[in-house]
Each structure stands twice: as structure tokens, then as C-alpha cells.
Amino acid sequence: MNTTQKIEPAANVAQQASQFRRWGRKHPFVRYGLPLISLTVFGAVGLAHLIQGSKEVTREKEDMEWEVVETTKALSRTGPVEGAYKPKKLSLEDELKALQQKVDINNYDYKRIPKPNENK
């Protein structure tokens with residue numbers, strides 16, 4: 001009795017495996033199509049979840065930056081409070097003159113650029 005009880009579960013598993021293989025051959029969609037479609041759907045859902053998380057992190061950072069800007073401006077009914085952020089007024093002419101004083105385009109030297117495989 002003990003030997004027949006030990007053999008039956010192994011035979012039962014082998015029989016179930018062969019039935020599963022036959023079922024896969026009869027229905028190729030279950031064997032190939034269903035795993036492919038499920039992988040695609042679950043992958044899209046997983047990626048959407050990851051992207052949503054990164055969007056939330058970005059939104060939190062922007063909110064913190066916005067709070068800092070609002071506290072530095074500190075607007076009241078009459079206008080900005082003293083000591084608040086005041087942007088410097090820029091003019092293109094002043095910037096051009098400063099750049100022309102830094103760089104002289106009429107005085108330059110030719111310098112050879114070494115090739116990557118050349119020894120120095």
C-alpha cells in the first residue's frame with residue numbers, strides 16, 4: 001500500500017503536465033499570446049506608476065520653489081515690502097559694451113589643436 005501511494009502523486013503530476021502541454025498545443029494563444037499581452041499591459045501600468053511618482057516629486061519641488069519666491073517677494077497692499085527681491089534692470093547696450101571690453105576680436109593667435117591619436 002505504501003508503494004502505490006508514493007507512486008500515484010508522481011504519476012498524477014506527470015499526467016497533469018502532459019495535459020497542460022497538450023492544451024498549450026491546441027490553443028497557441030494561451031501559450032504565446034496571453035503572456036505577451038499580459039506583459040505589455042502590466043508593463044504599461046508599471047511604467048505609468050513610475051512616471052506618476054516622478055511627476056509628484058517634480059511637483060513638490062516646484063511648490064517648494066514657489067513658496068520661496070512668494071516669501072521673498074512678500075507683497076502687501078501697497079507693494080513689495082522693503083528688502084524684498086528686486087530684479088536688476090539690464091540693457092542690451094550696456095551688456096554689449098561690457099562684452100566688447102572683455103574680448104578683443106582683432107587680436108588673436110592661431111593655436112594648433114592636437115589630434116586625438118597624437119602624442120604630446
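**Fold and surface patches of the predicted model**

The protein chain has three helices and two strands. The model is a predicted one. Along the sequence, the elements run in the order α-α-β-β-α. Helix α1 spans residues 2-26. Helix α2 covers residues 28-73.

Burial was examined next. The chain has 120 residues, and 3% of them count as buried. Its accessible surface comes to about 12,400 Å². Carbon and sulfur atoms account for 60% of that surface.

A nonpolar patch lies on the surface. Its members are Phe20, Trp23, Phe29, Val30, Leu34, Ile37, Val41, Phe42 and Val45. Together they offer about 930 Å² of accessible area. Two elements, α1 and α2, each give two or more residues to this nonpolar patch. The most come from α2, which supplies seven. Valine 30 is one of the patch residues and sits in helix α2. Its relative accessible area is 30%. Valine 30 is therefore classed as partly exposed, because that class lies between the 20% limit for buried and the 50% limit for exposed.

Charge also gathers on the surface. A positive patch brings together Arg21, Arg22, Arg25, Lys26 and Arg31. Helix α1 is the main contributor to the positive patch, with four residues. Arginine 21 belongs to this patch and is located in helix α1. Its relative accessibility is 49%, so arginine 21 counts as partly exposed. The cut-off for exposed is over 50%.

A patch of the opposite sign, negative, is formed by Glu56, Glu60, Glu62, Asp63, Glu65 and Glu67. Glutamate 62, one of its members, lies in helix α2. Helix α2 thus appears in the account of two patches: seven of its residues go to the nonpolar patch, and it also holds glutamate 62 of the negative patch.

Aromatic contacts were considered last. The structure holds one aromatic pair. Its partners are tyrosine 108 and tyrosine 110. The ring centres stand 5.7 Å apart. The planes meet at 90 degrees, and the arrangement is edge-to-face. Tyrosine 108 has a relative accessible area of 54% and is exposed. Tyrosine 110 reaches 77% relative accessibility and also counts as exposed. Both values pass the mark of over 50% that the exposed class requires.

Definitions and conventions
Residues are numbered from 1 along each chain as its sequence is written. This is a predicted model: local features need pLDDT of at least 70, side-chain atom pairs count only at pLDDT 80 or more; totals for chains, interfaces and linings use all residues. Side-chain values use heavy atoms; hydrogens and water are left out. Buried means under 20% relative accessible area, exposed over 50%, partly exposed in between (1.4 Å probe, protein chains only). Accessible areas come from the Shrake-Rupley method with a 1.4 Å probe; for residues, only the protein chains shown count as cover. Patches are made of residues with over 30% relative accessible area and no salt bridge: like charges are joined within 9 Å, nonpolar side chains (Val, Leu, Ile, Met, Phe, Trp, Tyr) within 5 Å. A salt bridge is a side-chain nitrogen of Lys or Arg within 4 Å of a carboxyl oxygen of Asp or Glu. Lys and Arg count as positive and Asp and Glu as negative; His and the chain ends are not counted. The place of a charge is taken as NZ of Lys, CZ of Arg, CG of Asp or CD of Glu. Rings of Phe, Tyr and Trp (its six-membered ring) pair if their centres lie within 6.5 Å; planes under 30 degrees apart count as stacked, over 60 as edge-to-face and the rest as tilted.
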